[in-house]
Amino acid sequence: MLVAMVNFISNKLTNFFFMPKKNAPLELKPGMLLVSEPFLEDPSFHRSVVLLCEHSSSHSFGLVLNQRQEIVLDSYMDEKVMEDVPLYSGGPVDPTIMQFVHRRPDLIPDGIEIGHGIFWSGDFERAIELVVGGEIGFEEIKFFIGYSGWGAGQLEREVKSNAWMLHPAKAEYVFDEPTLNLWRKVLFDKGGDYRVLSTYPDDPNLN
């Protein structure tokens, strides 16, 4: 009990002294990245980077970019040629739903551009055909099961409480940056005090 209390107090003090006191004046909108604070207590979002796909007064929706799964896409598809396609957890909500993002609007129609060179959804059957045929690489498309969702006003409150830091998405973050390095990379690129956060160990007692 004493150890748990010490850890709790340590986390709170770390946030108080070292978290940037205000998020940069960035707008919550599709194409924004939500970067979790270092010691966010929700295990579903531990050091996660979420790509915001939809945001309105009634709800928000996004996909966690840096939680690669042990399973692969053929666990959800009939075709064994999909066995090498990586699969990511988009969030804790409804893991029966599959989503994808890509950077090839010239090959996959009906996608929604949510950031420069970043397209959400589109013709799913065509996307699968392209992957099966080797016409599109894993650095050009990502598949997700589940998603991250917030009700009216919920995400705004979490951002205000510093649970999330905002940063504009880039195609390089979504498709090129190694998953294990993404959280630190985005914070480092924000510069200033955020670079200090990017060096924090998982265990605050190691500071």
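This is a short talk that walks through one protein chain, from the overall picture down to a few single residues.

Hi everyone, and thanks for coming. Before anything else, please keep in mind that what you see above is a predicted model. The mean pLDDT of the protein chain is 85, with 79% of its residues at 70 or more. Where should you be careful? Over residues 1–10 the pLDDT is below 50, and that stretch has four contacts in the model beyond its near neighbours in sequence.

Let's take the overall picture. The protein chain has 207 residues, and 46% of them count as buried. How many helices and strands are there? You will find six helices and 10 strands in the chain. If you take the contacts between residues at least 6 apart in sequence, 63% of them join residues at least 24 apart. As for the outside, the accessible surface comes to about 10700 Å², and carbon and sulfur atoms account for 55% of it.

Now let's go inside. As a general point, nonpolar side chains in soluble globular proteins tend to be buried together. In this model, the largest nonpolar core has 28 residues, and Leu33, Leu51, Leu65 and Val101 have the most contacts inside it. Which elements give two or more residues to this core? They are the strands β1, β2, β3 and β8, together with the helices α4, α5 and α6.

Leu51 is a nice residue to click on here. Leaving aside neighbours within four places in sequence, Leu51 is in contact with a list of residues that includes Leu33, Leu65 and Val101, and also Phe61, Ile114, Ile118 and Val174. Apart from the largest core there is another one, of 14 residues, with Leu28, Phe45, Leu52 and Trp150 among them.

Let's stay with one of the helices for a moment. Helix α5 covers residues 182–190, and its buried residues are Leu182, Trp183, Val186, Leu187 and Lys190. These residues cover an arc of only 130° around the axis, so they sit on the same side of α5. What do they pack against? Their partners are β1, β2, β10, α4 and α6. Right after α5 comes Gly191, with a positive phi near 80°.

Next, a serine with plenty of company. Ser36 is in strand β1, which covers residues 32–36. Is Ser36 buried or exposed? Its relative accessibility is 0%, so Ser36 counts as buried. A polar atom of the Ser36 side chain lies 3.1 Å from the backbone nitrogen of Arg47 and 2.9 Å from the backbone nitrogen of Ser48. Beyond four places in sequence, Ser36 also touches other residues, including Phe45, Trp164, Met165 and Trp183. You have already met Trp183 as one of the buried residues of α5.

Some loops deserve a look too. Gln67 is found in the loop between β3 and β4. The Gln67 side chain reaches the backbone oxygen of Ser44 at 2.8 Å. Among the residues that Gln67 touches are Phe45, Ser48, Tyr88 and Thr179. Gln67 and Gly90 are 23 residues apart in sequence, yet their C-alpha atoms are 7.5 Å apart in space.

Further along, Leu107 lies in the loop between β6 and β7. Leu107 has a relative accessible area of 22%, which means that it is partly exposed. Leu107 touches Arg126, Leu130 and Glu135, not counting residues up to four places away in sequence. Between the C-alpha atoms of Leu107 and Ile136 there are 8.6 Å, with 29 residues separating the two along the chain.

I'd like to end with a small backbone point. Most residues other than glycine have a negative phi. Where can you see a positive one here? Asp110, in the loop between β6 and β7, has a phi near 70°. Asn162, in the loop between α3 and β10, has a phi near 70° as well. Their surroundings are worth setting side by side: Asp110 is exposed, with a relative accessible area of 66%, whereas Asn162 is buried, at 16%.

That's my tour, and I'm happy to take questions.

Terms used:
Residues are numbered from 1 along each chain as its sequence is written. Side-chain values use heavy atoms; hydrogens and water are left out. Helices (H or I, at least four residues) and strands (E, at least two) are DSSP runs, numbered from the N terminus. Buried means under 20% relative accessible area, exposed over 50%, partly exposed in between (1.4 Å probe, protein chains only). A polar contact is a pair of N or O atoms within 3.5 Å; within protein, one must be able to donate a hydrogen and the other to accept it, and residues adjacent in sequence count only if both atoms are side-chain atoms. Contact means heavy atoms within 4.5 Å. The arc is that of the directions from the helix axis to the C-beta atoms. pLDDT is the predictor's confidence in each residue, from 0 to 100. Accessible areas come from the Shrake-Rupley method with a 1.4 Å probe; for residues, only the protein chains shown count as cover. A nonpolar core is a set of buried Ala, Val, Leu, Ile, Met, Phe, Trp, Tyr and Cys residues joined through side-chain atoms within 4.5 Å.
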